[in-house]
Number of protein chains: 2
Amino acid sequence: MQAFAYKNEWVYASSDSLNDNEPMALSQAIMTALIEDDMSGYELAQSFDSSLGLFWRASHQQIYQELKKLSEQQLLNKREVSQSGKPNKIVYGLTLLGREALQEWVYKESKVQEAKDDLLVKLYNLDASNVSHMITELEGRRENIMQRLYLYERIRRRHYADPDSLPIRRQGVYLALLGGIRNGEQYLGWCDEALKQLASIDSD
Amino acid sequence: MQAFAYKNEWVYASSDSLNDNEPMALSQAIMTALIEDDMSGYELAQSFDSSLGLFWRASHQQIYQELKKLSEQQLLNKREVSQSGKPNKIVYGLTLLGREALQEWVYKESKVQEAKDDLLVKLYNLDASNVSHMITELEGRRENIMQRLYLYERIRRRHYADPDSLPIRRQGVYLALLGGIRNGEQYLGWCDEALKQLASIDSD
DNA sequence: TTTTTATATGCAAAAGCTTGCATAAATGAT
DNA sequence: ATCATTTATGCAAGCTTTTGCATATAAAAA
C-alpha cells in the first residue's frame, strides 16, 4: 500500500483513488443524447448546451469526429434529411448494436474524477497583490452559477415537478438535474464564504 | 445571441457559457506545487496525491513531460541531487521567469468547466434492469467521498483550525480545501437523495 | 446587391494525454 | 544468489482534443 506525507501527517492512499482507466465517455454521452431522438451533429452540439450538455460540453469538431467514428463502428446509423430554408442535414440514430453497447457501458466501473477547476489552483497563488482580482473572479463565478441555477430550477419546475410519477428513465435524468442543482447551491455557498474571507483580507 | 429549445421552453445562452479557450492548467498546477518547495518529478507525482492533487490529478508520465517542457521554456530550473539509499533525483524549482509567468496567469480569465461525471451520463440511461447497479455505483461513490471528506477534515483540523491567523497564501489554500469539503458534503447529500429515490423505484 | 447571420459539415495540423514498455539503483525478503 | 519492491526517470506509439481554417445554403439586414 502506498503512503505519502502531508506536512508530517501520514496518509494511506486508497486503491480506488488511482487510475483505473476507462475509455472516453464522450462517445457514450453522444449515444445517450440519441436514446430518444435522432439528431444531426449540429443539433447535438446545440442540445449539448442544454439537457445532458448541462453536465457535458463538447465542441462541434469533437462531435463530428465522434459521430464519424461511431457510425464507422456501426453504433450509429445516418441519413441525409432535406430541409426547406436550410442546408440539408445528416441525422444520426442509435443502431441496435449501439443500444446494446450503451447498456453494457452502464455496468462498467466509472472513475471518480476530481474538479480540475482553475480557480482552485489560482487560490493556491493568493497574495496581497491579487486578492482583489480573486474577488472579481469569484464574483463572476457566482454570477455564472446563479444563472445556471436559475435555468436548472426552471427546467425542474417545468418538467420534474413530481419526479415520482415520471417514467424510470426520466427519474434518472431528474437525479442528474438534481445533482446539478445541489452542486450549484453548494458552489454558491462556498463563493460567499470565500468572498467573505477575501474581503476581510482585502480590508487589512 | 444564440437560442435553443429545451422541450418547448426557449432558453438564451449567455455568452460566457461558450468556449473561451485557455491553455492547460497542468503546467500552472505544477508550477504552483513548486511555489514553496523544490521537488523532483517523483515527489510531485506523490504530492499530487495530496495537497493540490486533491483537486488536480496527473500521471507521472504527464508530469515528466510537462517538467521537460517547462524547463525548456526556462520557467523551471533543475539540478541533480544525490541521495543515500536511493537513486539520484532531479529536483525542479521555479525560476524568476516562472514565478512571473505564474503571477500573470492568475489574472487571465478562467473558464467554468462542467463536471463531466460519467455517473450523470449513466443516470440518463436509468431503466428497470439497471436500477440496482446504479444503487451499487452510488453507494461506492458515497463511500469514496466519505473517505475523501475524512481526509480533508483531518487536514483542516490539523493545519487550518484558525484560518484568519494564517499568512495570505495559506488562506487561499484553505479556501480551496474548504471548496473540496463543501463539495464533498453536497455530493454526499445528493447521493443520499438519489439512493432514496432509486430505492423507491427498485421496490416497485 | 452586398454583407452578415444562422444553419450545417468537415479537414488537417498541433497539442495534449494515455498506454505500454524500458531502464536503473538500492533495499529487503526468500 | 535471486526475486520483489520502492524509488526514480523516461521514450514511443497511439488516441483524443483543440485550433485554425474551409466550405456551402439560405434568410435577413444594410
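Reader: Which side chains meet in a salt bridge with an N to O distance of 2.6 Å?

Author: Glad you started there! A salt bridge here is a side-chain nitrogen of Lys or Arg within 4 Å of a carboxyl oxygen of Asp or Glu. In this predicted model, one such pair is Glu193(A) with Arg182(B), at 2.6 Å from N to O.

Reader: What conventions should I keep in mind?

Author: Residues are numbered from 1 along each chain as its sequence is written, and chains are lettered from A and ligands numbered from 1 in the order in which they are written. Because the model is predicted, local features need pLDDT of at least 70 and side-chain atom pairs count only at pLDDT 80 or more, while totals for chains, interfaces and linings use all residues; side-chain values use heavy atoms, with hydrogens and water left out.

Reader: How many salt bridges are there between chain A and chain B?

Author: There are 2 between these chains, and the structure holds 20 over all chains. Glu193(B) also forms a salt bridge with Arg182(A), the closest N and O atoms being 2.6 Å apart. That pair runs from helix α7 (residues 168–202) of chain B to helix α7 of chain A. Helices (H or I, at least four residues) and strands (E, at least two) are DSSP runs, numbered from the N terminus.

Reader: Is Arg182(A) linked to other residues, and which ones are in the network?

Author: Arg182(A), Glu185(A) and Glu193(B) are linked in a network of salt bridges. For accessibility, buried means under 20% relative accessible area, exposed over 50%, and partly exposed in between (1.4 Å probe, protein chains only). Glu193(B) is partly exposed at 29%, and Arg182(A) is partly exposed at 21%.

Reader: How do I read a salt bridge inside a helix?

Author: An α-helix has 3.6 residues a turn, so residues three or four places apart point the same way. In α7 of chain B, Arg182(B) and Glu185(B) are 3 residues apart, about one helical turn, and their side chains meet in a salt bridge at 3.1 Å, N to O. In helix α3 (residues 60–72) of chain A, Lys69(A) and Glu66(A) are likewise 3 residues apart, and their salt bridge has an N to O distance of 3.4 Å. Lys69(A) is partly exposed, with a relative accessible area of 43%, whereas Glu66(A) is buried at 11%.

Reader: What area is buried between chain A and chain B?

Author: Buried area is the accessible area (1.4 Å probe) that two parts lose on being put together, summed over both. Here the value is about 8,900 Å², of which carbon and sulfur atoms give 55%. By contact (heavy atoms within 4.5 Å), 92 residues of chain A touch 92 residues of chain B.

Reader: Where is helix α1 of chain B, enclosed or open?

Author: Helix α1 (residues 26–33) of chain B is largely enclosed by the rest of the structure, because 8 of its 8 residues are buried. Among them are Leu26(B), Ile30(B) and Met31(B).

Reader: And which strand order does the open sheet of chain B have?

Author: Two strands pair if DSSP finds at least two bridges between them. The open sheet has 3 strands in the order β3-β5-β4, with antiparallel pairing. Its edge strands, β3 (39–40) and β4 (76–81), each pair on one side only. Between β4(B) and β5 (residues 89–94) of chain B there are 6 bridges, and Val81(B) has Lys89(B) as its bridge partner in β5(B).
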